Amino acid sequence: MRILFIGDIVGHPGRLIVKEKLEVLRAELVPEVTLANVENAAGGFGITPPLVEELLDWGIAVLTSGNHIWDKKEILPYLREQAGGRLLRPANYPPGTPGQGAYVGKTTGGTAYAVINLQGRVFMPAIDCPFRKADALLAELPPEVTVRIVDMHAEATSEKQALAWYLDGRVTAVLGTHTHVPTADEAILPGGTAYITDIGMTGPYDSIIGMQREAVVRKFIDQLPARFEVAKADVRLAAVLVEADPATGRALSIRRIAQGR
Ligand SMILES: [Fe+2]
């Protein structure tokens, strides 16, 4: 079974390149399920209900997120009320937070799979422990759901690597998002878990992690509040293709995918 996971879709340029490339990419790679992190899909900050629906319409089965999921206020009622539960927020926010951090479903081919969204705590909001939350969510999963994909939305490489080693052999993949810079460390750990520190951003690379450079540089210097706008140039799609054995849930391979214009 092949799983295509698209890294953080940033703003209109990110959405546009997904729209342009996804069909061809799917014809070439033949994934049974396509997933994406979308927390920056609306103007670089958060996501709106119409954009969720659009991305689902393009055939992305489950949308993961992170700390920016709260940026557009209209997403809160959507997270609470959505049918199907295909937009996730990180699972380790405190009890009572709107939305769900895990999804269990079946591909059109009938293979059961789970997606778990977690968020790190290093240089990030001090939410609940992602390691303990992963334990709790995995304990609840039916054993027949062998294919288990974890989006670890985190800043620190060490925390992402630690989670991958902690879950090695218990999940199919631990895929990092949030830093927007693709890393070249994709690997299959000894227990059969595929890992990459960061899939990378789907958006404009002539930027500072997707934003127009000038305002970001100025803010580092003057420390004043600034308005960041999504950059425009050098738009690329970043993803990984994970191949897994559905009988065991073990990953067989992980491959980085990069597509420019
Ligand atoms: Fe993030």
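## Salt bridges, a pocket and a surface patch

Both Asp 198 and Lys 160 are buried. Their side chains meet in a salt bridge, with 2.9 Å from N to O. The structure is a predicted model, and a search of the whole of it finds eight salt bridges. Three of these salt bridges are described below, followed by a pocket and a surface patch.

**Salt bridges**

- The pair of Asp 198 and Lys 160 links distant parts of the chain, 38 residues apart: Asp 198 lies in the loop between strand E9 (194–196) and strand E10 (203–204), and Lys 160 in helix H5.
- Asp 135 and Arg 170 also form a salt bridge through their side chains (2.9 Å, N to O).
- This pair is 35 residues apart, with Asp 135 in helix H4 (residues 130–140) and Arg 170 in the loop between helix H5 (157–167) and strand E7 (173–177).
- Asp 135 is partly exposed, because its relative accessible area of 25% lies between the limits of 20% and 50%.
- Arg 256 and Glu 186 form a salt bridge whose closest N and O atoms are 2.9 Å apart.
- Arg 256 belongs to strand E12 (residues 251–260), while Glu 186 is in the loop between E7 and strand E8 (187–188), 70 residues apart.
- Arg 256 is partly exposed at 39% relative accessibility, as is Glu 186 at 26%.

**Largest pocket**

- The largest pocket holds about 470 Å³ of space.
- It is lined by 17 residues, and the closest to its centre are Phe 45, His 68, Ile 209, Met 211 and Phe 228.
- Its lining comprises seven nonpolar, seven polar and three charged residues.

**Surface patch**

- Val 217, Phe 220 and Ile 221 make a nonpolar surface patch of about 360 Å².
- Val 217 is part of helix H6 (residues 213–222) and is partly exposed, at 41% relative accessibility.

Notes
Residues numbered from 1 in each chain as written. Predicted model: local features only at pLDDT ≥ 70, side-chain atom pairs only at ≥ 80, totals over all residues. Heavy atoms only, no water. Patch = residues over 30% accessible without salt bridge, like charges linked within 9 Å, V, L, I, M, F, W, Y side chains within 5 Å. Areas by Shrake-Rupley, 256 points an atom, 1.4 Å probe, with all protein chains shown as cover. Salt bridge = Lys/Arg side-chain N within 4 Å of Asp/Glu carboxyl O. Helix = DSSP H or I, 4+ residues; strand = E, 2+ residues; numbered from the N terminus. Buried < 20%, exposed > 50% of the residue type's maximum accessible area, 1.4 Å probe, protein only. 1 Å grid on protein atoms, 1.4 Å probe; cavity = no way out; pocket = protein on both sides within 12 Å on 5 of 7 lines; lining within 4 Å. Points joined across faces, edges and corners; volume = space filled by probe spheres on them. Nonpolar A, V, L, I, M, F, W, Y, C, P; charged D, E, K, R; others polar.
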